[in-house]
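Visitor: Please give me a close look at a single part of this model, covering the links made by its side chains and the space beside them. I should like each criterion stated where it is used.

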Amino acid sequence: MGLWRSGAYGLWPSLGRHCRACQACLRDSFASPRRPNETTGKFPDPIPRSLNSAPAGGPNPAGEVDMRLAGPLRIVALIITMGLTWILVTILLGGPGGGLPRIQQFFTSPENSVTAEPRARKYKCGLPQPCPEEHLAFRIVSGAANVIGPKICLEDKMLMSSVKDNVGRGLNIALVNGVSGELLEARAFDMWAGDVNDLLKFIRPLHEGTLVFVASYDDPATKMNEETRKLFSELGSRNAKELAFRDSWVFVGAKGVQNKSPFEQHVKNSKHTNKYEGWPEALEMEGCIPRRSMAG
């Protein structure tokens with residue numbers, strides 16, 4: 001076998017001098033030398049070249065992809081995909097207003113989108129409009145059953161509330177200077193198990209022009225007597241005479257008023273109309289009170 005190789009390569013120079021056309025044939029033959037079959041001693045048939053394959057060093061036939069470009073193209077496609085993904089994530093999730101609301105905007109047409117109405121401006125004590133000059137803004141909320149305590153707000157200052165820890169079962173009363181609007185005193189009086197004399201001592205010596213803010217909680221009337229009801233009536237109340245067990249009541253009066261107060265609400269305790277089991281609904285009242293011209 002070694003002699004065959006040696007003899008074959010030895011023919012190359014002489015054949016090349018006589019026939020240039022045969023050089024290509026010999027090149028293809030010796031590029032991959034064929035050996036005779038060890039059994040038959042015959043040479044195998046040459047491997048047919050693909051009709052679409054190009055000769056060595058020649059151009060690729062039409063329609064054949066140059067595999068050398070496949071790797072770089074995949075890298076470029078991967079970089080583009082990663083870049084687009086990063087931009088999409090930044091738009092959807094990045095910055096204020098990102099996330100689900102912004103995703104929903106992509107699926108909501110401008111015609112169907114509802115523009116959020118601007119929140120109504122709130123004034124002192126949450127009133128929907130400002131009070132005129134020389135008036136005091138107030139808001140009173142009675143207690144809800146025996147669970148949620150009452151609130152008394154004046155000129156945007158909370159006078160009594162559960163947060164301030166100065167409210168309790170019964171009547172919650174705040175005394176205010178009618179000229180300056182300053183809080184004089186605030187106390188809660190237990191009208192179920194307390195002493196009504198404590199309440200009488202509190203409201204008997206009021207001076208002219210003193211404003212009286214009252215909010216009920218749980219039971220405002222069990223301990224009330226005739227003198228108590230009369231004193232509240234003199235402060236401008238219409239409902240004090242008929243106030244009963246577990247009624248809801250809010251009231252603003254003043255010492256020395258000539259007429260009944262326009263700032264009063266009252267709901268009777270009735271099992272047919274109660275909002276809560278055993279208690280009526282809570283009351284809420286707001287408004288503007290004219291400053292008094294004098295206060296003792």
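Guide: The account below centres on one strand, with the disulfides, salt bridges and pocket that bear on it.

The model is predicted, so local features need pLDDT of at least 70 and side-chain atom pairs count only at pLDDT 80 or more, while totals for chains, interfaces and linings use all residues. Residues are numbered from 1 along each chain as its sequence is written, and side-chain values use heavy atoms, with hydrogens and water left out.

The strand in question is S9, residues 284-290 (helices, H or I of at least four residues, and strands, E of at least two, are DSSP runs numbered from the N terminus). Glu284, Glu286 and Cys288 all lie in this strand.

Consider the covalent link first. Cys288 is joined to Cys131 by a disulfide with 2.0 Å between the sulfur atoms (the criterion is a pair of cysteine sulfur atoms within 2.5 Å). The dihedral about the S-S bond is -80 degrees, and the link is left-handed. This pair bridges distant parts of the chain, since Cys131 sits in the loop between H4 and S1 and Cys288 in S9, 157 residues apart. Both ends are open to solvent to some degree: Cys131 is partly exposed at 22% relative accessible area, and Cys288 also has 22% and therefore counts as partly exposed (buried is under 20%, exposed over 50%, and partly exposed in between, with a 1.4 Å probe and protein chains only).

The loop between H4 and S1 also carries a cysteine of another link. The structure holds 2 disulfides, and Cys125 and Cys153 form one of them, with sulfur atoms 2.1 Å apart. Here too the link is left-handed, with -85 degrees about the S-S bond. Cys125 belongs to the loop between helix H4 (100-106) and strand S1 (135-141), and Cys153 to strand S2 (residues 151-154); they are distant parts of the chain, 28 residues apart. Cys125 and Cys153 are buried, whereas Cys288 is partly exposed. Counting bonded cysteines along the chain, the pattern of the disulfides is 1-3, 2-4.

Turning to charge, S9 takes part in two salt bridges with strand S1 (a side-chain nitrogen of Lys or Arg within 4 Å of a carboxyl oxygen of Asp or Glu). Arg139 meets Glu284 at 2.5 Å, N to O. Arg139 in S1 and Glu284 in S9 are 145 residues apart, so this contact links distant parts of the chain. The side chains of Arg139 and Glu286 meet at 3.9 Å, N to O. Because Arg139 lies in S1 and Glu286 in S9, this second pair ties together parts 147 residues apart in sequence. Through the shared arginine, Arg139, Glu284 and Glu286 form one network of salt bridges. Each member is partly exposed: Arg139 has a relative accessible area of 26%, Glu284 has 43%, and Glu286 has 34%.

For context, the count of salt bridges comes to 7, including one away from S9. Glu227 and Arg204 meet at 2.8 Å, N to O. This contact also joins distant parts of the chain: Glu227 is in helix H6 (residues 226-234) and Arg204 in the loop between helix H5 (196-203) and strand S6 (210-217), 23 residues apart. Glu227, at 33% relative accessibility, counts as partly exposed, and Arg204 is likewise partly exposed at 41%.

Finally, S9 contributes to the second largest pocket (on a 1 Å grid over the protein atoms alone, an open set of points with protein on both sides within 12 Å along at least five of seven lines, where lining residues have an atom within 4 Å of a point). The lining holds 16 residues, and Ala254, Val257, Pro262, Ile289 and Arg292 are those nearest the centre. Strand S7 (248-254) and S9 are the elements that give two or more residues to this lining. S7 supplies the largest share, 3 residues.

Taken together, S9 is joined by a disulfide to the loop between H4 and S1, by salt bridges from Glu284 and Glu286 to S1, and it lends residues to the lining of the second largest pocket.

Methods. 1 Å grid on protein atoms, 1.4 Å probe; cavity = no way out; pocket = protein on both sides within 12 Å on 5 of 7 lines; lining within 4 Å.
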